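Here is a quick tour of a single chain, written for someone who likes to check things in a viewer. Have the coordinates open and follow along.

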Amino acid sequence: MKCSVLALSAVLMASASHAYACGTDAMGTARTLNISGYKGQAYGTAQHGPLALAKDEAVITFDDGPRPETTPRVLAALKDQCVKATFFMQGNNLTAYPDLARQVVADGHSVGLHSYKHDAMNQLPPADQIKDFDATRDAAAKVLGAKAAPFYRFPYLGETPDLMNALKVSGYTVFSIDAAADDWLPDETPQTVTDRLMKNLEGKGGIILLHDAQEVTAQAMPLILKTLKDKGYKVVHIEPAR
């Protein structure tokens with residue numbers, strides 16, 4: 001009996017420690033949206049219909065990584081606030097930094113695809129678009145195995161009918177965006193990036209586009225998360241069925 005009590009006490013202590021690992025004032029992740037019922041579809045009001053989100057809900061996504069100079073700081077900011085996000089990674093960066101890509105997954109985030117080396121698909125012949133998708137998918141499978149999510153975002157949001165069809169046949173969900181921070185522009189600061197994102201997100205919520213490969217984004221993430229929380233937004237994490 002004494003051993004059982006001690007074991008139960010240890011479990012409760014471990015659960016409490018996990019629950020408050022980020023502090024009681026952390027933003028947290030409000031809920032997880034399983035994308036299994038959305039396979040072969042496309043979301044993001046910049047180009048498609050909305051994901052099933054309330055106007056005060058936001059899905060945080062990143063493009064172009066992983067990058068060792070910036071992605072770890074983005075991960076640290078997310079971890080500090082117990083927030084889960086989705087990273088759309090390039091195949092060449094997956095191949096170059098496999099341990100960092102695996103760390104993103106180990107931290108509980110989702111990883112989708114964002115082409116092999118960020119070529120504009122709408123400027124490539126259809127056969128080359130498919131080759132790029134296959135190469136990116138192969139890189140993700142080699143580095144992450146089954147942990148790679150069947151999610152895809154086009155570079156520059158340059159969607160094409162041929163690749164859209166190939167993605168649908170392969171069971172991939174395409175994500176466009178609802179609100180961008182334009183954190184890739186020159187001479188940006190954490191404040192200007194945050195302000196622009198909030199303006200674009202205001203009154204609608206939705207899929208947020210950021211870039212973990214950008215220095216200013218790594219600097220801005222604590223401010224972005226704090227501002228989202230202060231303005232009453234709730235984070236939704238998108239995941240595939242496993």
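## D64 and its loop

D64 lies in the loop that links β3 and α2. This is a predicted model, so treat what follows as a reading of computed coordinates. D64 counts as buried because its relative accessibility is 14%, under the 20% cut-off. Its backbone is a bit unusual: D64 is not a glycine, yet its phi is positive, at about 85°.

Right next door there is another backbone feature to look at. The peptide bond from G65 to P66 is cis, with omega near -5°, and P66 belongs to the loop between β3 and α2. For context, most residues other than glycine have a negative phi, and most peptide bonds are trans.

## H118 and its partners

What does the side chain of H118 pair up with? One polar contact, of 3.2 Å, ties it to the side chain of D64. Another, at 3.3 Å, goes to the side chain of Y156. H118 itself comes from the loop between β5 (110-113) and α5 (126-144). Setting aside residues up to four places away in sequence, H118 touches D64, Q90, P155 and Y156.

Is H118 buried or exposed? It counts as buried, because its relative accessibility is 16% and the limit is 20%. Y156 is another story: with a relative accessible area of 60%, Y156 is exposed. Y156 sits in the loop between β6 (151-152) and α6 (161-169), and it also has a positive phi, about 60°, without being a glycine.

## T70, at zero accessibility

Back in the loop between β3 (57-63) and α2 (71-80), you'll find T70. T70 has a relative accessible area of 0%, so it is buried. What covers it can be read partly from its contacts: leaving out neighbours within four places in sequence, T70 is in contact with D212, A213, Q214, E215 and A218.

## Strand β9 and its neighbours

How many of the residues of β9 are buried? The strand covers residues 206-211, and 6 of its 6 residues are buried. β9 pairs with β3 in the parallel sense over 6 bridges, and if you want a register marker there, F62 stands opposite L210 in β9.

β9 also runs parallel to β8 (residues 179-180), with 2 bridges joining them. In that pairing, A180 stands opposite L209 in β9. The chain gets from β8 to β9 by way of helix α7 (residues 190-201), and this β-α-β crossover is right-handed.

## The chain as a whole

Zooming out, the secondary structure comes to 8 helices and 10 strands. The C-alpha trace spans about 70 × 40 × 35 Å along its principal axes. Why can the chain be said to agree with a compact globule? With 242 residues, such a globule would have a radius of gyration near 18 Å, and the chain has 19 Å.

Of the 242 residues, 48% count as buried. The contact pattern leans on long separations in sequence: among contacts with a separation of 6 or more, residues 24 or more positions apart account for 77%. As for the surface, the chain exposes about 11,500 Å², and carbon and sulfur atoms supply 55% of that.

Note on methods: Residues are numbered from 1 along each chain as its sequence is written. This is a predicted model: local features need pLDDT of at least 70, side-chain atom pairs count only at pLDDT 80 or more; totals for chains, interfaces and linings use all residues. Side-chain values use heavy atoms; hydrogens and water are left out. Helices (H or I, at least four residues) and strands (E, at least two) are DSSP runs, numbered from the N terminus. Buried means under 20% relative accessible area, exposed over 50%, partly exposed in between (1.4 Å probe, protein chains only). A polar contact is a pair of N or O atoms within 3.5 Å; within protein, one must be able to donate a hydrogen and the other to accept it, and residues adjacent in sequence count only if both atoms are side-chain atoms. Contact means heavy atoms within 4.5 Å. Two strands pair if DSSP finds at least two bridges between them. A crossover is right-handed if, with the strands pointing away from the viewer, the path from the first strand over the helix to the second runs clockwise. The radius of gyration is taken over C-alpha atoms; the globule rule is 2.2 Å times the number of residues to the power 0.38. Accessible areas come from the Shrake-Rupley method with a 1.4 Å probe; for residues, only the protein chains shown count as cover.
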